Amino acid sequence: MSDIEEIEVRGGQGQVLDPETYRDSIGTMDQSGKRKWVYPRKPKGKYTNYRYLVSCILLFIYFSVPFIKINGNPMILFNVIDREFFIFGQPFYPQDFFILTLGAIASLIFIIVFTIAFGRIFCGWICPQTIFLEMIFRKIEYAIEGDRNKQMKLDRQEWNSEKIWKRGLKWTIYIIISLVITHFMFMYIVGYEEVFRILSEGPFAHPTNFIVMILLTAAFYFVFAWFREQVCTLVCPYGRLQGVLIDKDTVNVFYDFKRGENRAKWRKGEDRQAAGKGDCIDCHQCVVVCPTGIDIRDGQQLECVNCTACIDACDEVMEKVGLPKGLIRYATENEIENETKFKFTGRMKGFALILVLLTGFLGYLLYNRGEMEAKFIKPAGSTFFLRDGKITNTYNYTFLNKTNDKKIVTIKVVEPKHGEVIYSGSSKITVDRDKITKGTVNISFPESEMNLSKQNITIGVYDMSGKLVDSYETYFEGPFKLQF
């Protein structure tokens, strides 16, 4: 049997969808709403190799970042419970949350710009759901149960010893991997040291953590063992967002219908062009490799995650039949319809400009975040007192050191002049890196300079070189005076 005849036989056996009914339903459900399980054939080809390389890099990053420290701080940590946040080793605090909010807005705009220009490439190449499913769980399934046809056969057969041990082994490995993913996710929240400590002390010492871990593991197992592509087609909001962002100038995985139609089966030695036939030989290989069960030849669809499996499958067939590759390729709709090249549209330029401005502003905020944050608050119910012609107020101070170095600071009154700072201890206050230091000081002014019962003052915090590291505006209380 020739390669093409083999392709036709496999294609005939492996057709996932009826092309005529597909247009009225999504790829993984029939018209009655019943789930249609997708058995994608194992992809191979240039783009699959590229995706595998990208996935390996991203998986390496995911499993290594929790153990990386910069200046003694975690590289990435989002400890919401203890309000500890580290990004690239730099500490962030609730006071800096507006910067993180702007960063999230900038990321959203970047996704919008990227989607307008390049479609849903993120879903097929970078999304954790796709990487874990296609590059870990699906590969385990292929290794244990075999490729598409063997999986379909195993699913149809009775629960004999072969099916029990294959499914049992697969599900056991799935549970173990789900546990590993969950533990590493916890490392991004509390740090790897805390995760190892909780593990060493056992579930009875930390029942809440244990229950949460089991629930998250069950959620991962459910998603990757059963829910799978339904996350992308039914749940993910980004899949819905792309419907409003993509236009005819967006680069996507497209079927070149001008070249492919009219599609017809391959006949050796036939002049297809003279017979009025297109290059598509209707082998359905682009359908059987699709992880979301769609037929890319029906046009751009919401379920397409730009995974490029159909490109590799089609290129393989085109090479075997001696036709040019690229029948399915990355292209824009205008490029297919009007044979125009990709261009950076006005909408793309506008969003890109907004992104550049927002990123620049975000960089400015990060650069000017300050080394230290200082607050001087009068204790509740406190007032002033007079002594030796001076009015004195008491302030509780809070210093937050945002740097990775220990700071030694002193306090001075910036405005108005002639203010005196009276310390309860040493005038040199030590603030450890990434720590909060609290204390109390008294500030006095000559009675002759305080003409208001409440007067605004500015208190500064200086390092040992005399540099102002932060200042705080508060008020100073004095006796009420009638003004004539």
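**Exercise 1. The nonpolar patch**

Find which helix gives the most residues to the nonpolar patch on the surface of this predicted model.

*Solution.*
Step 1. List the members. I175, L179, F210, I211, I214 and L215 form the patch. Together they have about 530 Å² of accessible area.
Step 2. Find the elements. Two of them, α8 (161-190) and α10 (207-227), give two or more residues each.
Step 3. Pick the main contributor. Helix α10 gives the most, with four residues.
Step 4. Look at one member. F210 lies in helix α10. Its relative accessible area is 42%. Partly exposed means between 20% and 50%, so F210 is partly exposed.

**Exercise 2. The two faces of helix α7**

Decide where the buried residues of α7 sit around the helix axis.

*Solution.*
Step 1. Name the buried residues. In helix α7 (residues 148-156) they are R148, Q151, M152 and L154.
Step 2. Check their directions. They cover an arc of only 160 degrees around the axis, so they lie on the same side of α7.
Step 3. Turn to the face pointing away from the buried side. That face carries the exposed residues K150, K153 and R156.
Step 4. Ask what covers the buried residues of α7. The cover includes α6 (128-145), α8 and α14 (285-288).

**Exercise 3. A threonine inside**

Determine whether T115 is buried or exposed, and describe its surroundings.

*Solution.*
Step 1. Locate the residue. T115 is in helix α4 (residues 97-118).
Step 2. Apply the cut-off. Buried means under 20% relative accessible area. T115 has 0%, so T115 is buried.
Step 3. Look for a polar partner. A polar atom of the T115 side chain lies 2.6 Å from the backbone oxygen of I111.
Step 4. List the contacts. Leaving out residues up to four places away in sequence, T115 touches Y238, Q242, L245, I246 and T250.

**Exercise 4. Unusual backbone angles**

Locate the cis peptide bonds E261 to N262 and E415 to P416. Then examine the positive phi angles of F88 and H284.

*Solution.*
Step 1. Take the bond from E261 to N262. This bond is cis, with omega near 0 degrees. N262 lies in the loop between α13 (257-260) and α14.
Step 2. Take the bond from E415 to P416. This bond is also cis, with omega near -5 degrees. P416 is in the loop between β11 (407-415) and β12 (420-423).
Step 3. Turn to F88. Its phi is positive, about 50 degrees, although F88 is not a glycine. F88 sits in the loop between β4 (84-87) and β5 (90-92). With a relative accessible area of 54%, F88 is exposed.
Step 4. Turn to H284. Its phi is about 65 degrees, and H284 is not a glycine either. H284 is found in the loop between α13 and α14. At 8% relative accessibility, H284 counts as buried.

**Exercise 5. Charged pairs**

Describe the salt bridges D155 with R167, D256 with R329, and E319 with K325. For each, say how exposed the partners are.

*Solution.*
Step 1. Recall the principle. Side chains of opposite charge can pair when their charged atoms come close. The cut-off here is 4 Å between nitrogen and oxygen. By this rule the model has 23 salt bridges.
Step 2. Take D155 and R167. Their side chains meet at 3.5 Å, N to O. The pair links distant parts of the chain, 12 residues apart: D155 is in helix α7 and R167 in helix α8. D155 is partly exposed at 36% relative accessibility. R167 is buried at 9%.
Step 3. Take D256 and R329. Their closest N and O atoms are 3.1 Å apart. D256 lies in the loop between β6 (252-255) and α13, and R329 in strand β7 (residues 328-331), so this pair ties together parts 73 residues apart in sequence. D256 is buried, with a relative accessible area of 10%. R329 is partly exposed at 22%.
Step 4. Take E319 and K325. Their side chains meet at 3.9 Å, N to O. Both E319 and K325 are exposed.
Step 5. Look for shared partners. Salt bridges join E141, E145, D155, R167, K170 and R228 into one network.

Methods: Residues numbered from 1 in each chain as written. Predicted model: local features only at pLDDT ≥ 70, side-chain atom pairs only at ≥ 80, totals over all residues. Heavy atoms only, no water. Patch = residues over 30% accessible without salt bridge, like charges linked within 9 Å, V, L, I, M, F, W, Y side chains within 5 Å. Areas by Shrake-Rupley, 256 points an atom, 1.4 Å probe, with all protein chains shown as cover. Buried < 20%, exposed > 50% of the residue type's maximum accessible area, 1.4 Å probe, protein only. Arc of directions from axis to C-beta. Contact = heavy atoms within 4.5 Å. Polar contact = N/O pair within 3.5 Å; in protein donor to acceptor, adjacent residues only side chain to side chain.
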